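Let's take a walk through a protein model together, one region at a time. Have the sequence and the 3D view open, and look up each part as we reach it.

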Amino acid sequence: MPGLSVAQPSRPALSLPGDLFPARTVPVLVPMPAERPYSYTVPEGMRVQPGSIVQVPLGPRQVAGVVWDGETDAVDPKKLKAITHAFDCPPLPEAMRRFIDWVADYTLSPPGLVARMVLRVPVAFDPEPFVDGLRLTDHRPERLTPARQKLLETATAGLEWTRPGLLHASGVSASVLDGLVKAGTFETVKLPPHPIVFPPDTSFGRADLSETQRDAADQLCEAVGEGGFSVSLLEGVTGSGKTEVYFEAVAKALEAGRQVLILLPEIALTQSFIDRFHQRFGTEPAQWHSDVPPRNRERVWRQVAEGRVRVVAGARSALFLPFRDLGLIVVDEEHDPAYKQEDRTFYNARDMAVVRGHIGACPVILASATPSLETRVNARSGRYRHVPLTGRFQAAALPSLQLVDLRRHPPAKGRFISPVLHTAIEETIGRGEQALLFLNRRGYAPLTLCRACGHRFQCRQCSSWLVDHRLRGVLQCHHCGHSERRPEACPACGTLDHLVACGPGVERVAEEMLQAFPEARTILLSSDLPGGARRLRRELDAVAEGEADIVIGTQLVAKGHHFPLMTLVGAVDADLGLNNGDPRAAERTFQLLHQVTGRAGRSGLPSRGLIQTFAPEHAVMQAIAAGDPERFYERETAERERAGLPPFGRLAAIIVSADSRREAEEYGRLLRIAAPEDDDLEVLGPAEAPLGLVRGRHRFRLLIQGGKRAPIQSFVRAMMASAPKARGSVQVQIDIDPQSFL
């Protein structure tokens, strides 16, 4: 969202905002691809207001919807269907409804689909049931055994207890409690449902901040204390203690009685963050991501709406939780591409967090060691407050960085680790320290071919090679998920034992390390290995506790982890991300290499980073080796400005897909013809996407490029309105501010 203009979309005037509708006809937004609310009547005796969550008939189904703002259509109420049920649920606040409107308007998505992201847990619309409890009465049993005496002493505090809680606290058997209930010593009562997490204690574990950290924390606390909307960029080198600094701002918001949302890019980061939060506040935050069990998600949603949950830590979808009184939003690792959603509603959670802060009049903190160029430019221009942290915590030294020219120091045949890096690994583990090898490529090898006939294993549904996952014995497509067993013979020519893996993945690098250092404890970290997020957390903990000598991992090891004994980081193929035609390729490569080398030396031990590359003269490699991010940002900013790319210009992508290549290409051409004339905007394409076939659908792309102030949304609306309606298997997706160009 270059420049991030937060103008509000055109909306109808509110009808008695916050008051009950006097009329018996109301607009209701339903969670489907609806461009506007539908009109329903309100039955006698039912009371609703804007934001009320209701159940309405939609065709043959009953669906949940939200009573919306504005006037209804001029339709005879006798022709309208009635609301069937009003849920006993806090209404969506006006700021949340305005946010839904804004996201829909900006992303050119149907408001109903945006509302669907809010209404994703229908079980939570009804109140949580009361819990059966016990309370001590004045009646005492005739016979008082030691076990009964212990139970009575535990319960004398006058509190109401749950049955499991009382048994656990007293340590007696269930039969003892049953006997006292039967004797009338305890009476049954109904208790309110337990909170999903306990309230944070802002004074529990205040960190001993350095002078630099205290100054940064004071600036963030000042923004929170002032109230209202503001954006602060907390930029600090890896290991500078950014989390502890923004925790002080979190405490400030909590002390003011407000709620806090902390966005994290990866589930793998969650547990280490939860542990640090617990150390600071004496309790955990509520969690919101795909790994949270459905029942817990329902309770979090409900208790957020009621204001009982004070802090949520979660993935990008947590932005659509119905906070009752949101007082601070923190976006950790704000540069991370994982904040971009590219399904149904295309949005960047970092940018939408800024919008939500603006609409809800609350401060936003963006934290990163390598901020996105858009955020950097906004901070430089004064739109965002810039809060730098220039040194590592407790004077821990940054690693010394060195480029390893693979043209001069090539690995041995069939190997991928250069002699320079191999020697460094040997020296590191010899000192009892840890080495990390980073390669952002999952599996064993990205391509498998037959040496006899040249056959290459390709996905039948996508224009991509099948990745060899040797540990699972399968060849898999990373785009559609198709997998097949790795055969012994070539399916094309039938030749046995002539299949060869081409190129390295992390599994292949791990195999090389096991052969080179058989006595070393080697651990492989990759998101697609069996065991999922729980296994990853256990293994990350094992690395942090020194239970591994050599760690091989993908990009998930680059973010937010603290490995005290890690003193060597080797980037196996640093050039991997530079050659994909993405305008952000240089920026992302710089960020990833900077983040991963920052895992070394965080506890103060002398450390180094070795970056294997075939292009040591590339500007990204030079900036990394020199430890000079300013030079890289200045150069990249100048190049983006010269090319009119974000944040100095605007982009929108239109992706046309169909069952046949001809259908997709023809409709792409029709869209191009329908584009209105505008001197400020240029339409490029249609051209076949780099990934021309995904999940059996052929894809063509159009790219719209314009100046910083170009009316790109209205241009795309006019284009879509003038084009013929998509028919047959044709589907169209619109991506404002695209992050991926595949």
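Before we start, one term: a residue counts as buried when its relative accessible area is under 20%. Also keep in mind that this is a predicted model.

With that term in hand, find strand E29, which covers residues 649-658. How many of its residues are buried? The count is 10 of 10. You can see this on both faces of E29: Gly 649, Leu 651, Ala 653, Ile 655 and Ser 657 are buried on one side, while Arg 650, Ala 652, Ile 654, Val 656 and Ala 658 are buried on the other. E29 also has strand partners. It runs antiparallel to strand E31 (residues 697-707), with 10 bridges joining the two, and Ala 652 has Ile 704 of E31 as its bridge partner. Strand E32 (residues 731-736) is antiparallel to E29 as well, joined to it by six bridges. Here, Asp 735 in E32 stands opposite Ala 653.

Stay around here for some backbone oddities. Most residues other than glycine have a negative phi, and most peptide bonds are trans. Now look at the loop between helix H17 (629-643) and E29, where Pro 647 lies. The peptide bond joining Pro 646 and Pro 647 is cis, with omega at about 10°. Another cis bond links Gly 685 to Pro 686, again with omega of about 10°, and Pro 686 belongs to strand E30 (residues 681-694). In the segment after E32 you'll come to Asp 737, which isn't a glycine but has a positive phi of about 60°. Because its relative accessibility is 8%, Asp 737 counts as buried.

Next, move to a sheet of parallel strands. Which order do its strands follow? This open sheet has seven strands, ordered E11-E12-E10-E13-E16-E9-E17. At the edges stand strand E11 (286-288) and strand E17 (385-389); each has a single partner strand, so one side of each has no neighbour in the sheet. From one strand to the next, the twist averages 20°.

Let's zoom in on one pair from that sheet. Strand E10 (residues 259-263) and strand E13 (residues 326-332) are parallel and share five bridges. Leu 261 has its bridge partner, Ile 329, in E13. Lying across several of the strands is helix H7 (residues 242-255), which runs at about 170° to E13. The strands H7 lies across include E9, E10 and E12. Follow the chain into the loop between E13 and strand E14 (340-343) and you'll find Glu 333. Its phi is positive, about 50°, although Glu 333 is not a glycine. Is Glu 333 buried or exposed? It is buried, since its relative accessible area is 8%.

There's also an open sheet of three strands, this one antiparallel, in the order E21-E22-E23. E21 and strand E23 (483-485) are the edge strands, each pairing on one side only. The twist here averages 30° from one strand to the next. Three bridges join E21 to strand E22 (residues 474-476), and Val 474 in E22 is the bridge partner of His 469.

E21 also meets a helix. The buried residues of helix H13 (residues 506-516) include Val 506, Val 509, Ala 510 and Met 513. What do the buried residues of H13 pack against? Among their neighbours are helix H12 (419-430), strand E19 (434-438) and strand E21 (467-469).

For a link between distant parts of the sequence, try Trp 102 in helix H1 (residues 94-107). Trp 102 and Val 355 are 253 residues apart in sequence, yet 8.3 Å apart in space, C-alpha to C-alpha. With a relative accessible area of 2%, Trp 102 is buried.

Finally, let's look for empty space. Rolling a probe the size of a water molecule over the atoms shows where empty space is left. The structure holds six cavities of 30 Å³ or more, and the largest has about 100 Å³ of space. Of the 13 residues lining the largest cavity, His 335, Arg 350, Ser 372, Arg 584 and Gln 739 are the closest to its centre. Helix H15 (residues 585-597) gives the most to that lining, with three residues. Sorted by class, the lining has seven charged, five polar and one nonpolar residue.

Notes. Residues are numbered from 1 along each chain as its sequence is written. This is a predicted model: local features need pLDDT of at least 70, side-chain atom pairs count only at pLDDT 80 or more; totals for chains, interfaces and linings use all residues. Side-chain values use heavy atoms; hydrogens and water are left out. On a 1 Å grid over the protein atoms alone, a cavity is a set of points where a 1.4 Å probe fits but cannot get out, and a pocket is an open set with protein on both sides within 12 Å along at least five of seven lines; lining residues have an atom within 4 Å of a point. Grid points are joined across faces, edges and corners, and a volume is the space filled by probe spheres set on the points. Helices (H or I, at least four residues) and strands (E, at least two) are DSSP runs, numbered from the N terminus. Ala, Val, Leu, Ile, Met, Phe, Trp, Tyr, Cys and Pro count as nonpolar, Asp, Glu, Lys and Arg as charged, and the others, Gly among them, as polar. Two strands pair if DSSP finds at least two bridges between them. Axes are lines fitted to C-alpha atoms, for helices over the stretch in contact, and angles run from 0 to 180 degrees between N-to-C directions. Contact means heavy atoms within 4.5 Å. Buried means under 20% relative accessible area, exposed over 50%, partly exposed in between (1.4 Å probe, protein chains only).
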